[in-house]
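Visitor: I am new to reading protein models, and I would like to go through one slowly with you. Could you show it to me, please?

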Amino acid sequence: MTAPEAARVPELTATRQVTDAPRWAALERELFAVQDKAWRVFAERYTEGDGRLVFRDSLGHGLDDRDGVDDFYEPFFNWPTLYLLGGSADLLPAARRHWRGVTRQLTEMGLVVDGLERGYDWFHQGEGMLLFYGLCLADPGDAELRELACRFADVYLPGGPNYDPEHRVVRAPHTGTGGPRPGFSDHDVYFPWSLALRPYGLPLDWGTGVASFDELADSPERARAYGRVMWDRMGRGDTLVNVASTTLATNAWLLGGDRRYADWVAEYVGAWRERLAGREVVPDNAGLGGEVGEYLEGRWYGGHYGWSWPHGLSSVASAAIVGSVNASLVTGDDGFLELARNPLDAVLRHAEQRTAGEMGTLGSRWRPHLGTIPGERTLMVPQRHNDSGWFDFTVMPTQLPLSLWHFSRDAGDAERVERLREGSRWDWAAVHTQRTKDECGHEEPWHEFLSGRNADFPERMLASALAVCAQRVEAIERDDMDPAVGPDALGIHHWQNLNPVVTEALLQLTTGAPQVLYNGGLAQLHVRYHDAVEQRPGLPADVAALVSDIRPEHTVVELVNLGTAARTVLLQAGSFAEHVLHTVRADDGAALPVEGRYCKVVLPGGTRVRLTMTMTLRGGDPARTSPWEVAR
């Protein structure tokens with residue numbers, strides 16, 4: 001920020017007294033307080049002195065020998081987020097210690113080399129990288145994090161081992177610091193490598209002579225023959241889920257501004273955008289020559305973590321949104337978002353009204369919702385496509401279209417969300433107390449709140465988050481697993497299932513943003529806060545925030561100081577101050593000009609203020625200097 005720009009930062013002072021503290025504000029501060037205790041309970045129970053997880057078994061062996069790295073980072077994925085929202089000051093160094101400790105732990109097992117995964121698919125690598133991305137957002141000025149961000153991204157840029165700039169392909173479905181790793185295992189050409197894959201059926205439904213999963217599970221010889229075909233068709237070349245690797249380069253660009261990272265993101269996502277051109281559906285694969293269907297006899301489907309197997313829409317649309325948002329962010333070209341819209345619209349063209357009993361895989365997230373309408377039909381979309389056509393119908397994950405709309409604020413993207421709402425038969429305003437590892441699942445009631453149809457959502461959402469945190473702490477305290485031994489290699493999801501940190505409610509309510517897309521997305525915060533006195537990210541002590549409107553024409557934020565001491569908040573537009581604030585109005589006062597990234601709000605003890613702001617999304621370059629220059 002330049003000196004003239006800093007001089008324009010307006011300062012507002014709250015004047016309304018808190019005569020009756022809003023319940024949402026009290027619950028919000030309570031949620032910060034209980035989580036400050038909860039993460040310590042988890043760390044004490046499951047980690048060692050250097051931050052690593054207690055684990056006496058080993059990974060990197062057998063048929064599933066490349067899996068597991070993400071599961072060690074995931075238990076901490078949202079800890080830096082809680083810090084930057086206003087969590088305790090020692091949470092950031094704790095999250096950093098756990099990241100370092102786990103990295104050493106996985107390096108000792110041979111799964112991480114030079115700080116990054118040796119080589120696996122980007123559906124899982126995207127999950128494992130969230131902790132690192134969160135650290136970078138919480139502490140973007142840290143020199144070590146900046147150096148690592150660039151080093152990690154260089155593994156995928158031209159000149160690195162994984163990318164072919166001539167054909168604009170990532171060279172294998174499994175990649176990393178070890179370069180392309182063809183196939184799916186280093187030990188045996190075999191499928192299935194785990195019987196847990198049975199619900200998803202066969203990866204290939206043509207040209208193998210195999211009709212069912214159980215045929216392979218019962219015959220090692222057939223499993224190896226099938227594996228050879230699968231390795232040849234699906235275990236080489238590029239796959240759409242690889243576009244999640246562009247977050248490495250986007251993160252490096254955000255931290256340092258080196259244009260070569262932005263150029264590569266635009267180039268690689270642009271290649272997939274071109275592969276969509278002229279097609280009804282975005283393809284999920286490309287051979288090493290850059291041709292769609294090069295190893296699949298021309299099929300646009302059948303790539304690893306693509307349309308056919310195992311998760312279809314969930315992995316395809318998530319990767320497409322992550323990559324498209326990254327490309328749009330670094331270039332300013334919203335045309336990239338057509339790549340994100342396509343998979344959503346493709347399955348919606350085949351949507352049907354179905355009952356819970358007709359739901360396919362990945363449906364457990366919807367059981368609480370459909371349980372309120374037993375026997376009734378609701379809108380479902382096909383998740384997958386193979387030679388038989390579209391299949392595996394399930395409710396569309398609302399996080400996908402809502403995250404796209406949140407980034408674009410485009411009317412067409414809003415209409416897509418509304419179509420899902422109109423086709424649903426359950427109450428979108430209801431808050432179901434549930435927790436999945438990606439810590440999302442409450443997009444519908446949040447959408448209704450922002451639309452003015454769910455006034456008490458903040459209170460119910462915060463109460464639900466408090467209940468989930470309490471449940472996790474109780475489960476940790478009752479856990480009968482030996483704390484000196486930890487789980488075995490088959491039980492490494494144990495930790496993420498007990499992570500007591502909950503940030504979805506705080507993201508929605510304080511920043512006006514959805515939970516991050518779990519397979520490798522960056523947090524796209526509408527607004528964020530800094531404590532101008534302590535000079536650290538997050539809401540100051542005693543201060544609560546509520547974003548109630550994020551329509552393109554204006555943003556509305558309520559700030560409440562529940563304490564007796566004065567607090568000063570530096571409000572920032574965007575995750576990296578990439579939005580431009582034009583005006584800000586306190587309560588019913590006159591609008592003050594801003595034309596910058598920040599505004600300062602002084603909250604004397606026991607006061608509150610409603611801010612109404614106008615802004616342009618991504619109207620400026622991300623700020624790469626400290627916000628404290630403007631807080632003086």
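Visitor: Which side chain does Glu 108 meet in a salt bridge?
Guide: A salt bridge here is a side-chain nitrogen of Lys or Arg within 4 Å of a carboxyl oxygen of Asp or Glu. Side chains of opposite charge can pair when their charged atoms come close. For Glu 108, the N to O value is 2.9 Å, and the partner is Arg 52.

Visitor: Before we go on, what kind of model is this, and how are residues numbered?
Guide: This is a predicted model, in which local features need pLDDT of at least 70 and side-chain atom pairs count only at pLDDT 80 or more, while totals for chains, interfaces and linings use all residues. Residues are numbered from 1 along each chain as its sequence is written, and side-chain values use heavy atoms, with hydrogens and water left out.

Visitor: How many residues apart are Glu 108 and Arg 52?
Guide: Helices (H or I, at least four residues) and strands (E, at least two) are DSSP runs, numbered from the N terminus. Glu 108 belongs to helix α5, residues 91-108, whereas Arg 52 sits in the loop between α2 (23-46) and α3. The pair therefore links distant parts of the chain, and the separation is 56 residues.

Visitor: Is Arg 52 buried or exposed?
Guide: Buried means under 20% relative accessible area, exposed over 50%, and partly exposed in between, using a 1.4 Å probe and protein chains only. Glu 108 has 58% and is exposed. Arg 52, with a relative accessible area of 15%, is on the other hand buried.

Visitor: Which residue does Glu 558 meet in a salt bridge?
Guide: Glu 558 lies in strand β15 and its partner in strand β20 (residues 607-616), so the pair ties together parts that are 50 residues apart in sequence. Both Glu 558 and this partner are buried. The N to O value is 2.8 Å, and the partner is Arg 608.

Visitor: How many salt bridges does a search of the whole structure find?
Guide: One of them joins Arg 56 to Glu 48, with the closest N and O atoms 2.9 Å apart. Others form a network that links Glu 338, Arg 341, Asp 345, Asp 413 and Arg 416. The search of the whole structure finds 48.

Visitor: In which sense do β14 and β15 pair?
Guide: Two strands pair if DSSP finds at least two bridges between them. A hairpin of 5 residues joins β14 to β15, and the bridge partner of Val 543 is Asn 561 in β15. Over 6 bridges, β14 (residues 543-549) and β15 (residues 555-561) pair in a sense that is antiparallel.

Visitor: How many residues of β19 are buried?
Guide: In a regular strand the side chains alternate between the two faces of the sheet. In β19, Tyr 598, Lys 600 and Val 602 point one way, while Cys 599, Val 601 and Leu 603 point the other way, and all are buried. For strand β19 (residues 598-603), the count of buried residues is therefore 6 of 6.

Visitor: Which strand pairs with β19 in the parallel sense?
Guide: Strand β16 (residues 567-573) runs antiparallel to β19, joined by 6 bridges, and Val 569 has Val 601 of β19 as its bridge partner. On the parallel side of the question, Glu 11 stands opposite Lys 600 in β19. The strand that pairs in the parallel sense, over 3 bridges, is β1 (residues 11-13).

Visitor: Which helix gives the most to the largest nonpolar core?
Guide: A nonpolar core is a set of buried Ala, Val, Leu, Ile, Met, Phe, Trp, Tyr and Cys residues joined through side-chain atoms within 4.5 Å. The largest holds 178 residues, and Phe 72, Trp 79, Leu 106, Phe 132, Trp 307, Tyr 529 and Leu 559 touch the most other members. With 11 residues, the helix that gives the most to this core is α13 (residues 313-331).

Visitor: How many disulfides does the structure hold?
Guide: A disulfide is a pair of cysteine sulfur atoms within 2.5 Å. The cysteine sulfur nearest to that of Cys 150 belongs to Cys 136, 9.6 Å away, and for Cys 440 the nearest is that of Cys 469, 18 Å away. Neither Cys 150 nor Cys 440 is in a disulfide, and the number for the structure is 0.
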